[in-house]
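This report describes side-chain contacts, burial and ligand surroundings for a single structure. The sequence and coordinates are shown first, and the analysis follows under short headings.

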Amino acid sequence: MSRSAHPAGPRHADVLPEGHYSAPPTDLNALDPKVWSQTVTRDEHGVLTVGGIDVKRLAEEYGTPAYVLDEDDFRSRARAWRTAFGENADVFYAGKAFLSRAVVRWLNEEGLNLDVCSGGELATALSAGMPAERIAFHGNNKSAAEIRRAVEAGVGRIVLDSFQEIVRVAHIARELGTRQRVQIRVTVGVEAHTHEFIATAHEDQKFGIPLAGGQAAEAVRRALQLDSLEVIGIHSHIGSQIFDMSGFEVAAHRVVGLLKDIRDEHGVELPEIDLGGGLGIAYTSDDDPREPHEIAKALSEIVTRECEAAKLRTPRISVEPGRAIVGPTAFTLYEVGTVKPLEGLRTYVSVDGGMSDNIRTALYDAEYSVALVSRSSDAAPMLTRVVGKHCESGDIVVKDAFLPGDLAPGDLIAVPATGAYCRSMASNYNHVLRPPVVAVKDGQARVIVRRETEEDLLRLDVG
Ligand SMILES: *Cc1c(COP(=O)(O)O)cnc(C)c1O
């Protein structure tokens, strides 16, 4: 894990000598339950099955590439978060990780709330029946039209991200004759990635209002003076793919410090704090994520302790996991097209998708695992790089992976833990068509987001 433990994030950590990869796994046919969704197993022929359906059938029926999403796994992770945080806290699923109408319905049924950060995400949420009061609206540059739509719909909270937005939302709420519940997003000078975090006095990024220099306190002061805003709390989000809770500890300490200043100055104890999302998942067997109940316990202890020290009533906590709920629930199913051994280097395995369905490897140097899933194999491991079909040499899906030496065109391989930030960040690069999302459960499969067609592409191109 030394690669992703670089303090500035995995993007900066790629300084190890070529060939620095872990030894081949002892059993290439094994499916580590840490990285695969919970109903995944191999049948007696060695074919991977999920939700009771084998991948050869899925490939035949829905084609490849395809995202295959395990509905039971999604629901049970959502429920685990809900249960872990209990009645005194709220869980908001971060819709940007992956959003579709089916997912919105599952979240609604499992009692979760929903974060959206654009008009499109808001429209999806509302069209699938998520009650507006359970929606939080985020973003550093919400348009006036988006704000109006959110206020009209009656969203439960708008997370204010700048001084200008405080006035903008207040103005729109007043025009609409309503009082909008808002949180103020602050940057606390904590940047957390994986096993490291950096705590500074300042944070050089586009989101939120800095605590530094009293700016966040000034923002709260202004918002409290506006009748059309009901300031319900402070929001902080410190990073992504985090395993270590100490970054949250520093963030909570600083947010509680702000709550105390607000109490001392205005006599107001804000009732809520939101600690954001960013909890990590296992992309490879080296990652050891925490369970929701451990995270809930740690966060609530941190906030309670900080509030006792500051003599404040403990506020209601909310959290916003995206990746930690949907990430592990899906894998991407690909068909192998070409297998190209490069003497003394590695074997390039080309699949029928690539950076258009998973940009994370190219964008963040993300690590993934991969397995042969249409059969088992006793062949010796070979070092591969799984690449896509795009006209770009950075089009890499899995940078270093061991696959069986007898891998051949027509085999199906699958990349696990692609539920988050893959379909939601998918593109049409090279006019490649975005894959479908197929949900499986109890031996049934159904398309919840269909495959794009050339007609879809040409419909937008009006000539
Ligand atoms: C992206 C984001 C999240 C979700 O992050 P995950 O890493 O998917 O848990 C939560 N809150 C905010 C404000 C975000 O921007």
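## Salt bridges

Arg305 and Glu306 are joined through their side chains by a salt bridge, with an N to O distance of 3.9 Å; the term denotes a side-chain nitrogen of Lys or Arg within 4 Å of a carboxyl oxygen of Asp or Glu. The model is predicted, so local features need pLDDT of at least 70 and side-chain atom pairs count only at pLDDT 80 or more, whereas totals for chains, interfaces and linings use all residues. Residues are numbered from 1 along each chain as its sequence is written, and side-chain values use heavy atoms, with hydrogens and water left out. Arg305 is partly exposed, its relative accessible area being 42%, whereas Glu306 counts as buried at 13%. Here buried means under 20% relative accessible area, exposed means over 50%, and partly exposed lies in between (1.4 Å probe, protein chains only).

A salt bridge also connects Arg385 and Asp400, at 3.8 Å from N to O. Because Arg385 belongs to strand 20 (residues 381-387) and Asp400 to strand 21 (residues 396-404), this pair ties together parts that are 15 residues apart in sequence. Helices (H or I, at least four residues) and strands (E, at least two) are DSSP runs, numbered from the N terminus. Arg385 is buried at 11% relative accessible area, and Asp400 is partly exposed at 26%. Elsewhere, Glu71, Arg75, Arg79, Glu109 and Glu110 are joined into one network by salt bridges that share partners.

The salt bridge between Glu218 and Arg222 has its closest N and O atoms 2.9 Å apart. Both residues lie in helix 7 (residues 215-224), with a spacing of four residues, or about one turn of the helix. Glu218 is partly exposed with a relative accessible area of 23%, and Arg222 is likewise partly exposed, at 40%. The structure holds 32 salt bridges.

## Aromatic pairs

Five aromatic pairs are found in a search of the whole structure. Rings of Phe, Tyr and Trp (its six-membered ring) pair if their centres lie within 6.5 Å; planes under 30 degrees apart count as stacked, over 60 as edge-to-face and the rest as tilted. One of the pairs is formed by Phe74 and Tyr93, which are edge-to-face at 5.8 Å centre to centre with 70 degrees between the planes. This pair links distant parts of the chain, with Phe74 in helix 2 (residues 71-85) and Tyr93 in strand 5 (residues 89-94), 19 residues apart. Phe74 is buried at 0% relative accessibility, and Tyr93 is also buried at 0%.

The ring centres of Tyr283 and Tyr368 are 5.1 Å apart and their planes stand at 75 degrees, so this pair is edge-to-face. Tyr283 lies in the loop between strand 15 (272-274) and helix 9 (292-310), and Tyr368 in the loop between helix 11 (360-364) and strand 19 (371-372), so the pair ties together parts that are 85 residues apart in sequence. Tyr283 and Tyr368 are both buried. In addition, Phe74, Tyr93 and Trp106 form one aromatic cluster.

## Helix 8

Helix 8 (residues 246-266) comprises 21 residues and reaches 30 Å from its first C-alpha to its last, close to the 30 Å expected at 1.5 Å a residue; the expected span is 1.5 Å times one less than the number of residues. The buried residues of helix 8 include Phe248, Val255, Leu259 and Arg263. The buried residues cover an arc of only 155 degrees around the axis, which puts them on the same side of helix 8. That arc is taken from the directions from the helix axis to the C-beta atoms. Just after helix 8, Gly267 adopts a positive phi of about 70 degrees.

## Ligand surroundings

The ligand is surrounded by 14 residues, of which the closest are Lys96, Gly278, Glu320, Arg323 and Tyr421; a residue is near a molecule if one of its heavy atoms lies within 4 Å of it.

Which residues place polar atoms at 2.6 Å or 2.7 Å from the ligand? An N or O atom in the Lys96 side chain is 2.6 Å from an oxygen atom of the ligand. A polar side-chain atom of Glu320 lies 2.7 Å from a ligand nitrogen atom, and a polar backbone atom of Arg323 is 2.7 Å from a ligand oxygen atom.

Conventions: A polar contact is a pair of N or O atoms within 3.5 Å; within protein, one must be able to donate a hydrogen and the other to accept it, and residues adjacent in sequence count only if both atoms are side-chain atoms.
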